[in-house]
Amino acid sequence: GRTTGFKEKNGHLFSSSLYADDSISISHLDNTEPGSIQKASDFMTDNFWLPNEDGKHENKNYETLSASVHDDLLDRYGERMKQGKLDSGILQAHTIGNPSELAGLVGIDVAVLDSQRNVIFNREKSDSLLTNAVASLGPKDRKRYMRSSAQKIATKLLPPELSAVVVLSNLAVSTSLRRMRIGAKLCTEAELFASVKGWGFTEIYLKVESENVPAKTLYERLGYEERWVENNAIALRADLDSGEFIEKIKDTTVMSKFL
């Protein structure tokens, strides 16, 4: 069954247990638990960035790539993320038979959307827009908005074409546990977490490469609809030979779903 009780932790809504059935349990990753971000980054490296690479753990560049993934997750979902104005979190899935091993992950991030230009800004730009809006106020108003949510700051202080939105990101499922609907269940629980029962949003967005038909089909089945296409967008690929992330030019479809 599903639990919907959210509490506040470090200024952010948090629920340790969200969903469980006969095969899968889903919970919110606790970034204060030692090793939690490391475990998530190892899983992402293996199942999101390098899912089909044979012998990857023996390659000398594997640790370099894994460290880059770890640093990225630490910035976005670790203890440092509470210093900014953008909520973020990771939902993790485990199988009932093997609760110590991750079965899937999905990220949830708040960002700023420019509805005139059809652009969802990255974390740095989004946080800068919100921080600068508050910093431009007088001392009394600045103090009043200092701990306000991104939604409130965007609604009250940013131009009308700019709004705070929640974005689904980096959905990953263990390559050995496909066809168990883990991805669909993670998306459903992320939607609940983002909705009025959690962060208070009424719509959730995601980006998917336009040529990734299986992923687009999954999202469409879950009720997501295409909003616009970013032509010639930058997509990253993990390159085991060089130990670096390489930029590729790919069309990206932006989809959303009303909650």
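Q: How many bridges must DSSP find between two strands for them to pair?
A: Two strands pair once DSSP finds enough bridges between them, and the cut-off is at least two. This is a predicted model, and in it strand E6 (residues 98–114) and E5 pair in the antiparallel sense over eight bridges. The bridge count needed for any pair, though, is just at least two.

Q: How many residues lie between E5 and E6 in their hairpin?
A: E5 covers residues 88–95, and E6 covers residues 98–114. The two strands make a hairpin. The number of residues between them is two.

Q: Which residue of E6 stands opposite Leu91?
A: Pick out some pairs along the E5 and E6 pairing, which runs in the antiparallel sense. Ser88 faces Asp109 in E6. For Leu91, the residue opposite in E6 is Val106.

Q: Which residue of E5 stands opposite Ser27?
A: E5 also has strand E4 (residues 24–28) as a partner, again in the antiparallel sense, over five bridges. Look across from Ser27 and you land in E5, on Gln92.

Q: Are the two faces of E5 covered or open?
A: Side chains in a regular strand alternate between the two faces of the sheet. In E5, one side carries Ser88, Ile90, Gln92 and His94, and every one of these is buried. Gly89, Leu91, Ala93 and Thr95 sit on the other side and are buried too. With eight of eight residues buried, both faces of E5 count as covered.

Q: How many of the 17 residues of E6 are buried?
A: E6 has several partners: besides E5, E6 pairs with strand E8 (residues 162–173) over 10 antiparallel bridges. E6 also pairs with strand E7 (residues 119–120) over two bridges. E6 is largely enclosed by the rest of the structure, because its count of buried residues is 13 of the 17.

Q: Which residue in the turn between E6 and E7 has a positive phi of about 55°?
A: E6 and E7 form a hairpin with four residues in between. Within the paired part, Leu113 has Ile120 of E7 as its bridge partner. The turn residue with the positive phi is Asn118.

Q: Which residue meets the side chain of Asp109 in a salt bridge at 3.3 Å?
A: Asp109 has Val167 as its bridge partner in E8, but the salt bridge goes to an Arg. The closest N to O distance there is 3.3 Å, and the partner is Arg76. That pair links distant parts of the chain, strand E6 and helix H2 (residues 62–77), 33 residues apart. Asp109 is buried, and so is its partner, Arg76.

Q: Is Glu203 buried or exposed?
A: Glu203 makes a salt bridge with Arg227, with N and O atoms 3.7 Å apart at the closest. Glu203 is in strand E9 (residues 203–209) and Arg227 in strand E10 (residues 225–239), so the bridge ties together parts 24 residues apart in sequence. Arg227 is partly exposed at 31%. Under 20% is the cut-off for buried, so Glu203, at 15% relative accessibility, counts as buried.

Q: What is the relative accessibility of Glu211?
A: Glu211 forms a salt bridge with Lys250, at 3.2 Å between the closest N and O atoms. The two lie 39 residues apart, Lys250 in strand E11 (residues 244–258) and Glu211 in the loop between E9 and helix H7 (213–221). Lys250 counts as partly exposed at 22%. Glu211 counts as exposed, because its relative accessibility is 54%.

Q: Which helix gives the most to the largest nonpolar core?
A: That core has 44 residues, and Leu130, Leu168, Leu186, Tyr219 and Tyr224 have the most contacts inside it. The biggest contribution is seven residues, from helix H6 (residues 182–194).

Q: How many residues are in the other core, the one with Leu29 and Ile37?
A: Start from the largest nonpolar core, with its 44 residues. Apart from that one lies another core, and among its members are Leu29, Ile37, Leu73 and Ala172. Its residue count is 12.

Q: How much accessible area do Ile234, Leu236 and Ile249 have together?
A: Ile234 sits in strand E10 and is exposed, with a relative accessible area of 56%. Together with Leu236 and Ile249, Ile234 forms a nonpolar patch on the surface. The accessible area of the three together is about 300 Å².

Methods
Residues numbered from 1 in each chain as written. Predicted model: local features only at pLDDT ≥ 70, side-chain atom pairs only at ≥ 80, totals over all residues. Heavy atoms only, no water. Buried < 20%, exposed > 50% of the residue type's maximum accessible area, 1.4 Å probe, protein only. Salt bridge = Lys/Arg side-chain N within 4 Å of Asp/Glu carboxyl O. Patch = residues over 30% accessible without salt bridge, like charges linked within 9 Å, V, L, I, M, F, W, Y side chains within 5 Å. Areas by Shrake-Rupley, 256 points an atom, 1.4 Å probe, with all protein chains shown as cover. Core = buried A, V, L, I, M, F, W, Y, C linked by side-chain atoms within 4.5 Å.
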